[in-house]
Amino acid sequence: MHSILQAAGPGTDQPEPIDIRFDGSSGRMIGLGFINGVLKILTLGLYSFWAKTEVRRRIWAATRLNGEPVAYTGTGKELLLGFLIVFGVVVIPVMLSGVAVSLLFAGSKEALGLYQGVLYIAFFLLVGNAIYRAQRYRLSRTEWRGIRGGLDGSPGRYGWMYFWTLAAPFTAAAVLAGIVAWATAPAVGGAIMLLGMLGMLWVLPWRANKLQAAITNDMRFGDRPLTYSGTAGPLYKRYLFAWGGNALIFAAALGATGAYLMQEDRYINWFVLKIPPALVELAPLAAIWVLTLIASAVVTSWYRAMQMNHFAGHTHFEGATFRGEATGRSLMWLVLSNWLLSIGGLLAALAIGGTLIFAFGTAPREVIDEVAAPDRAAGLLNLLLIMPPIIIMTTLTATFAQFRSARYFLSRLKLDGPVALGAILQGAHKRPARGEGLAQVFDIDAF
Amino acid sequence: MPSNSTATYGRFSDGRSASARDASVNLGLSGVEIRLTSPDQQMIWQYDTLKAAEPVRTHAIDVLLTSTSQPGASVFVPSPDFARNLRLSAPHLTARAERWRHARPWVFGSLAAMGFVALIYAAGWSPIRSMAGVLPQSWRERLGESAVASMTEGHKLCASPAGVAAMEKLSLRLSKAAGASTPYKVAIYDWPLLNAFAVPGGQVVMTKGLIEKAGSPDEVAGVLAHEIGHGIELHPETGIIRAIGLAAAVELMMGGSGGALANMGLLLAQLGYTRTAEHEADLQAITLLKNAAISNKGLGDFFKRVETIEDEDKVTKTLKPFDLLRTHPPTAEREKLVRNQKDYPSTPALDEASWQELKRVCTITKDPAKDAGVDGAPL
Ligand SMILES: [Zn+2]
């Protein structure tokens, strides 16, 4: 037992190498996912804050630095409070204003459109802010040998950067297209807009690098900062393939969707006559787009692996430098297998739920009969039968996939160079009192 | 109380710097005993002050402990035996104990909430219906206009003056029978679907398909009476409040962005009535027709017609309208309800000339946008 730990004496300031490992079996997460799913159902969803917390504690504790675990010290209560505050400050006012706009400008499409436009811009302005706050909360709840991590900067600054680095190129493309359309013909303007949108994707590596620099330079472990030295240039060669591949994939998907809609008057039936399509008719469309997203994720894997290594390779701490060992192929398998896992889990849940409905639910004739919809009580019973398998399965697969992703990235992360651990003292920065409410509302808290 | 007298090797950090010291750790009677060498130092962390970095599993190979009695400090013990014995001395650190401690209040809270809701409904009180009753009339009208605008999107309003006048006459006759202060506003849309629905604020929408398929003015009167019946029972208002409440609950549970609620039209388009609501509307319709001295045979005939169309629909799988055909009590049953009513003296719902005008109401159409109040500036 002694041998796995670095035998350093008390309080030595001698620099020592840091070994990063991830020791955890993902099989054990299946049981945890199942229990969390059941508890979520029993508590009408409220347990999800504690479920999330336990998953994090397991992932953090599986991460070992020189054999000693990293600790996650956040609590479910903090997450719940953060969520409730954002619910009161953001979600409820948005809901009420939506109802108010509908009432005041009854049926006016322009008013609703304007309202939704403003809402989307406001949300987009908040997303970066939310990401930063969530990251700050998680780092402040991350400890190793009792020393906390932290993020010492302004969420507003990061949020603004997150916004303008995308909004500015978009506006520029739109303005340019507008001028061209005015000077020549609307069709030319439209073409320029399309090209502008495609070209705009080229800001993404630059933007990712800029955002990574901003957040990394704000990071602390104890009283010591992390620094970032990367530039976007080296990212572009690999990006060319991701961009081209995705353009081809999405063009094919759009073509297939268009061809399918044109067949058998589907477009006319659905969009002009407004006849709701049958589920069977939607299945091919769902299949096309699921395949497209999978193909896109696969093609993007090589770029993403390279970007991850780039980010790690330019992150420094106390004279040591991180190193990422992700590869396109391994990342592709991770993404693909996690997708298949989620889809398989959902299908299994639907099969179980369908069997339950068939056995205990409303008579199938009434369910299938599209003219005479089942009455509400029967619908509720069917919902009660199908929801538990879905909640349990999605919680289970999500937990499993999350653990696998963490293992993937952490087992491919190295730190080159010794660090004088004894010299790192507890930081003086303030800990945020509550957890990441905003990020939970936007559903962007991946871990 | 198990206590292994042999000390276990551990690593102690005081939380002031990122260094660690060797320690010997022991499970004592009242707490974990930690002994440090050079300089010699001994601490006891009481069991009930302990926290573990992750729940201590049966097969845990190590454990990272902190104590509320010494904030910042932590001790890491890489020993399966220590972890197993710790579970016995400090059972609150096990996964089962932790989960139940966190979930228990919410499990009981959820049970209590569900019991409360069940009790309210068992007592026959519908809180949503009561809320619908106190909505101001101007709000109802606006909600109704919103609903009409989003549901009839892309269809023109039928506007032949004589046809519109005929429908107004029929609506006035039934509204008077209902004792309504203002007559129900009926809009006919140039829409081949066979359909009719009531929206909040005393408004009813009918389609060209319905007028064309109806065999007599009494049938149209029967359908209108049914929709007015929904209006009297406040079913559209109740449906909207229920939909908003449901959407809010879903947002709360899923942690959504609230964007779904901004599109009221979408909400309104999903409205459907329960079996009970349809029955209530049918009963209202029967009373209304009687008070207005219009034969209820028309309503019965219409149900018969719907039944035939339902059968056709099952074969052709086309044109699935919402309210009228999606009525939940089987159509034959509803027809029987109407047929079982006693006969009473009645006159045709409309004279022959007006009926012919009503059938031609869609020969002239106009954009609903030009009809002030349906689409455009606030009233
Ligand atoms: Zn009805």
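What follows is a walk through selected features of a predicted model, from chain A down to a few single residues.

Chain A comes first. It has 14 helices and 13 strands, and 46% of its 447 residues count as buried. Long-range pairs do a lot of the work here: among contacts in chain A with a separation of 6 or more, 79% are between residues 24 or more positions apart.

Next, the nonpolar cores. The largest one has 53 residues, and the members that touch the most others are Phe322(A), Val419(A) and Ile424(A). Helix H2 of chain A, residues 48-62, supplies the largest share of this core, with seven residues. There is also a second, separate core of 40 residues, with Tyr184(B), Ala285(B), Ile294(B) and Val361(B) among them. Back in the largest core, Ile424(A) has contacts in both chains: its partners include Ile147(A), Phe221(A), Phe317(A) and Val419(A) on one side of the list, and Arg16(B), Ser17(B) and Ala18(B) on the other. Charged residues turn up there as well, namely Asp223(A) and Arg224(A).

Helix H2 of chain A also holds Arg58(A). Is this arginine buried or exposed? With a relative accessible area of 8%, Arg58(A) falls under the 20% cut-off, so it counts as buried. Its contacts beyond four places in sequence are Arg28(A), Met29(A), Leu32(A) and Phe403(A) from chain A, plus Glu54(B), Arg57(B) and Arg99(B) from chain B.

Then there is the empty space. The second largest pocket encloses about 1000 Å³. Its lining runs to 45 residues, and those closest to the centre are Thr73(A), Gly74(A), Thr75(A), Lys51(B) and Thr66(B). Both chains contribute elements with two or more lining residues. From chain A these are H2, strand S5 (71-72), helix H3 (76-104) and strand S6 (142-144); from chain B they are strand S5 (50-52), strand S6 (63-67) and helix H2 (95-122). Of these, H2(B) gives the largest share, six residues. As for chemistry, the lining of this pocket is a mix of 17 nonpolar, 15 polar and 13 charged residues.

Closed-off space shows up too, with four cavities of 30 Å³ or more in the structure. The second largest of these cavities holds about 50 Å³. Which residues line the second largest cavity? From chain A they are Glu68(A), Pro69(A), Trp144(A) and Arg145(A), and from chain B they are Arg11(B), Ser13(B), Leu64(B), Ser74(B), Val75(B) and Phe76(B). The elements that put two or more residues into this lining are strand S4 (68-69) of chain A, along with S1 and strand S7 (74-77) of chain B. S7(B) has the largest share, at three residues. By class, the cavity lining splits into five nonpolar, two polar and three charged residues.

Two residues of that cavity lining, Arg145(A) and Ser13(B), deserve a closer look. Ser13(B) sits in strand S1 of chain B, residues 8-13. A relative accessible area of 2% puts Ser13(B) under the 20% cut-off, which means that this serine is buried. A polar atom of its side chain lies 3.5 Å from the backbone oxygen of Ser19(B). Beyond four places in sequence, Ser13(B) touches Arg145(A), Ser19(B), Ala20(B), Gly72(B), Ala73(B) and Ser74(B).

Arg145(A), the chain A partner in that list, lies in the loop between S6 and strand S7 (147-151) of chain A. Arg145(A) is buried as well, at a relative accessible area of 5%. Its backbone is worth a glance: phi is near 50 degrees, a positive value in a residue other than glycine.

Leu234(B) also has a positive phi, near 60 degrees, and is likewise a residue other than glycine. Leu234(B) is found in the loop between helix H7 (217-232) and helix H8 (235-254) of chain B. Its relative accessibility is 15%, under the 20% cut-off, so Leu234(B) counts as buried.

Finally, a residue on the outside. Lys176(B) is part of helix H5 of chain B, residues 161-178. At 64%, its relative accessible area is over the 50% cut-off, so Lys176(B) is exposed. Lys176(B) and Asn291(B) are 115 residues apart in sequence, while their C-alpha atoms are 8.9 Å apart in space.

Conventions
Residues are numbered from 1 along each chain as its sequence is written. Chains are lettered from A and ligands numbered from 1 in the order in which they are written. This is a predicted model: local features need pLDDT of at least 70, side-chain atom pairs count only at pLDDT 80 or more; totals for chains, interfaces and linings use all residues. Side-chain values use heavy atoms; hydrogens and water are left out. Helices (H or I, at least four residues) and strands (E, at least two) are DSSP runs, numbered from the N terminus. Buried means under 20% relative accessible area, exposed over 50%, partly exposed in between (1.4 Å probe, protein chains only). A polar contact is a pair of N or O atoms within 3.5 Å; within protein, one must be able to donate a hydrogen and the other to accept it, and residues adjacent in sequence count only if both atoms are side-chain atoms. Contact means heavy atoms within 4.5 Å. A nonpolar core is a set of buried Ala, Val, Leu, Ile, Met, Phe, Trp, Tyr and Cys residues joined through side-chain atoms within 4.5 Å. On a 1 Å grid over the protein atoms alone, a cavity is a set of points where a 1.4 Å probe fits but cannot get out, and a pocket is an open set with protein on both sides within 12 Å along at least five of seven lines; lining residues have an atom within 4 Å of a point. Grid points are joined across faces, edges and corners, and a volume is the space filled by probe spheres set on the points. Ala, Val, Leu, Ile, Met, Phe, Trp, Tyr, Cys and Pro count as nonpolar, Asp, Glu, Lys and Arg as charged, and the others, Gly among them, as polar.
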